[in-house]
Amino acid sequence: MAYLALNFETETEQACAAMRHEVEAAFTPREWLVIRLAGSDAPGDQSATGRISRFFRTIFDLRVPNPLADPRLEMLRQAAARLWKNERTLDGDFAQRLRDHGFSICQLSLLSSWIALQR
């Protein structure tokens, strides 16, 4: 009888390391930071700032984050915040705006999958 020595742990670790590298390379470190921080955004942070909403925010002293200066990062923050708030997928119009800002469909899929795993 022949014996074949396979080291599955080493092969698995190498495969996981390669996948981890691919996932990390999909977004820049700054983009990953924006994605992680979007999880702490309040649900009302996505809404427009009208007079009534500003009034209630002033009365109740609610924190309102300023939009990011980079429009690409701001779109990523908004998408990640929606996904962190239990939204399973992004609607077609929002996904199209993300693609217009330079994000690929693969990146959007990775973003939704990664956030779903983190919740």
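## Salt bridges

Is Glu-31 buried or exposed? With a relative accessible area of 5%, Glu-31 is buried; the cut-off for that label is under 20%. Keep in mind that this is a predicted model.

Glu-31 has a charged partner: it forms a salt bridge with Arg-72, and the closest N and O atoms are 3.0 Å apart. The two residues come from distant parts of the chain, Glu-31 from helix α2 (residues 29-37) and Arg-72 from helix α4 (residues 71-84), 41 residues apart. Arg-72 isn't buried like its partner: its relative accessibility is 25%, so it counts as partly exposed.

Searching the whole structure turns up two salt bridges. Besides the Glu-31 pair, there's one where the side chains of Glu-74 and Arg-77 meet, at 2.8 Å from N to O. This one stays inside helix α4: the residues are three apart there, which means about one helical turn separates them. Glu-74 and Arg-77 are both buried.

## Aromatic rings

Now for the rings. The count of aromatic pairs comes to four. Take Trp-84 and Trp-114: their ring centres are 6.2 Å apart and their planes sit at 85°, so this pair is edge-to-face. Trp-84 belongs to helix α4 and Trp-114 to helix α6 (residues 105-118), so the pair ties together parts 30 residues apart in sequence. Both tryptophans, Trp-84 and Trp-114, are buried.

Zoom out a little and those two turn up in a cluster: ring pairs link Phe-27, Trp-32, Trp-84, Phe-103 and Trp-114.

## Charges over rings

Arg-72, the salt-bridge partner of Glu-31, has a ring to look at too. It lies over the face of Phe-103, 3.9 Å from the ring centre. Phe-103 is itself one of the cluster members, so to follow Arg-72 you can start at its 3.0 Å contact with Glu-31 and go on to the Phe-103 face.

Another arginine does something of the kind: Arg-82 has its charged end over the ring of Phe-94, at 4.0 Å from the centre.

## Around Gln-107

One last stop is Gln-107, which lies in helix α6. Its relative accessibility is 14%, so Gln-107 counts as buried.

What is Gln-107 in contact with, leaving aside its neighbours within four places in sequence? The list is Ala-26, Phe-27 and Gly-102. Phe-27 is a familiar name here, being part of the ring cluster with Trp-32, Trp-84, Phe-103 and Trp-114.

Conventions
Residues numbered from 1 in each chain as written. Predicted model: local features only at pLDDT ≥ 70, side-chain atom pairs only at ≥ 80, totals over all residues. Heavy atoms only, no water. Salt bridge = Lys/Arg side-chain N within 4 Å of Asp/Glu carboxyl O. Helix = DSSP H or I, 4+ residues; strand = E, 2+ residues; numbered from the N terminus. Buried < 20%, exposed > 50% of the residue type's maximum accessible area, 1.4 Å probe, protein only. Phe/Tyr/Trp six-rings, centres within 6.5 Å; stacked < 30°, edge-to-face > 60°. Lys NZ or Arg CZ within 6 Å of the ring centre and 35° of its normal. Contact = heavy atoms within 4.5 Å.
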